[in-house]
Amino acid sequence: MPSKKALVRRPSPRLAEGLVTHIEREKIDVDLAVEQWEAYVETLRAHGWETVEVDPADDCPDAVFVEDTVVMYKNVALITRPGAESRRGETAGVEEAVASLGCSVNWVWEPGTLDGGDVLKVGDTIYVGRGGRTNAAGVQQLRAAFEPLGARVVAVPVSKVLHLKSAVTALPDGTVIGHIPKVDRPSLFPRFLSVPEEAGGHVVLLGGHQLLISASAPKTTELLADLGHEPVVVDISEFEKLEGCVTCLSVRMRELYA
């Protein structure tokens, strides 16, 4: 049976010190960010997801972006080696959490770097963004971990945004969506739908046709609703100031073995 567990991690008190690479730094309201995070987690729960809270990593400003620390495929967890050295302390708590859920645990080793935000799964195809935080050795190790399990790994260039999933995600039918100015090579995806806002390229599949989407993408929300989907809107404005999006704040674990 499919599982509906989601790893989440409470924001660090040092959130305002988080990394930014492709945008100008803005002031972060940490109290508001915590409120937004709590509302995000409650939205997951309200739509049938059991949230598993990873132990806080208060000394790691970016730790709330838990997706970057692990990539799941079936029952296997690949603990990443983040491309930003300052984020490597985030993985230990996540490793403990996935092991406690019964996952088989693998690791990315030096010289490989891999951020989970660079990995988009569409069925058994795993797209991995080769860019600022994920290097060629990281791509090779992702292949080695998951291709023997039946995955097909496709590397795609990322240069205009922080991570692959900062540019594109996918709808329930497998159509990849993204805002064209932020996507390096839309032609690499068999089915691609252009959306009118950068934040509109980021959705989380909640189940059925329900899609978690940011409040900062109202035009895309309207477009997706018109196509028969059911957008579920959350405000994550403080995390967007740190190049975060709706995918970054959780790790959806859909194929855990009973």
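# Exercises on a predicted model

Ala167 lies in the loop between E8 and strand E9 (168-170). The model is predicted, and the exercises below start from this residue.

## Exercise 1: Place Ala167

Task: decide whether Ala167 is buried or exposed, and find what surrounds it.

Solution.
- Step 1. Take the relative accessible area of Ala167, which is 6%.
- Step 2. Buried means under 20%. Ala167 is therefore buried.
- Step 3. Set aside the neighbours within four places in sequence. Ala167 is then in contact with Val161, Ile177, Gly178, His179, Lys182, Val183, Gly201 and His202.
- Step 4. Pick one of these, Ile177. Ala167 and Ile177 are 10 residues apart in sequence. From C-alpha to C-alpha they are 8.4 Å apart in space.

## Exercise 2: Read the open sheet

Task: give the strand order of the open sheet of three strands, and name its edge strands.

Solution.
- Step 1. The order is E2-E1-E15, and the pairing is mixed.
- Step 2. Strand E2 (50-53) and strand E15 (251-253) are the edge strands, each pairing on one side only.
- Step 3. From one strand to the next, the twist averages 25°.
- Step 4. Look at strand E1 (residues 5-8). Three bridges join E1 to E15, and the two run antiparallel.
- Step 5. Find Lys5. Opposite it, in E15, stands Met253.

## Exercise 3: Follow a hairpin

Task: describe how strands E12 and E13 are joined, and find the residue with a positive phi in their hairpin.

Solution.
- Step 1. Strand E12 (residues 204-207) and strand E13 (residues 210-214) run antiparallel, joined by three bridges.
- Step 2. Leu205 stands opposite Leu211 in E13.
- Step 3. Two residues lie between the strands. Gly208 takes the positive phi, near 60°.

## Exercise 4: Examine helix H3

Task: list the buried residues of helix H3 and say what covers them.

Solution.
- Step 1. H3 spans residues 136-146. Its buried residues are Ala137, Gly138, Val139, Gln141, Leu142, Ala145 and Phe146.
- Step 2. Their cover includes strands E3 (70-73), E4 (76-79), E5 (104-107), E6 (119-122), E7 (125-130) and E8 (152-157).
- Step 3. Check the start of H3. A side-chain oxygen of Asn135 reaches to within 3.2 Å of the backbone nitrogen of Ala137.

## Exercise 5: Classify aromatic pairs

Task: count the aromatic pairs, then classify Tyr73 with Phe146 and Trp107 with Trp109.

Solution.
- Step 1. The count comes to five aromatic pairs.
- Step 2. The ring centres of Tyr73 and Phe146 are 5.5 Å apart, with the planes at 50°, so this pair is tilted.
- Step 3. Tyr73 sits in strand E3 and Phe146 in helix H3, 73 residues apart, so the pair links distant parts of the chain. Both residues are buried.
- Step 4. The rings of Trp107 and Trp109 have centres 5.9 Å apart and planes at 40°, so this pair is tilted.
- Step 5. Trp107 is partly exposed at 35% relative accessibility. Trp109 is exposed, at 55%.
- Step 6. Finish with a cluster: Tyr127, Phe189 and Phe192 form one.

## Exercise 6: Check the cysteines

Task: say how many disulfides the structure holds, and examine Cys248 and Cys103.

Solution.
- Step 1. A search of the whole structure finds zero disulfides.
- Step 2. For Cys248, the nearest cysteine sulfur is that of Cys245, 3.5 Å away. A disulfide needs the sulfur atoms within 2.5 Å. Cys248 is in no disulfide.
- Step 3. Cys248 counts as buried at 6% relative accessibility. Cys103 also counts as buried, at 10%.

Key. Residues numbered from 1 in each chain as written. Predicted model: local features only at pLDDT ≥ 70, side-chain atom pairs only at ≥ 80, totals over all residues. Heavy atoms only, no water. Pairing = 2+ DSSP bridges. Helix = DSSP H or I, 4+ residues; strand = E, 2+ residues; numbered from the N terminus. Axes fitted to C-alpha atoms, helices over the stretch in contact; angles between N-to-C directions. Buried < 20%, exposed > 50% of the residue type's maximum accessible area, 1.4 Å probe, protein only. Contact = heavy atoms within 4.5 Å. Polar contact = N/O pair within 3.5 Å; in protein donor to acceptor, adjacent residues only side chain to side chain. Phe/Tyr/Trp six-rings, centres within 6.5 Å; stacked < 30°, edge-to-face > 60°.
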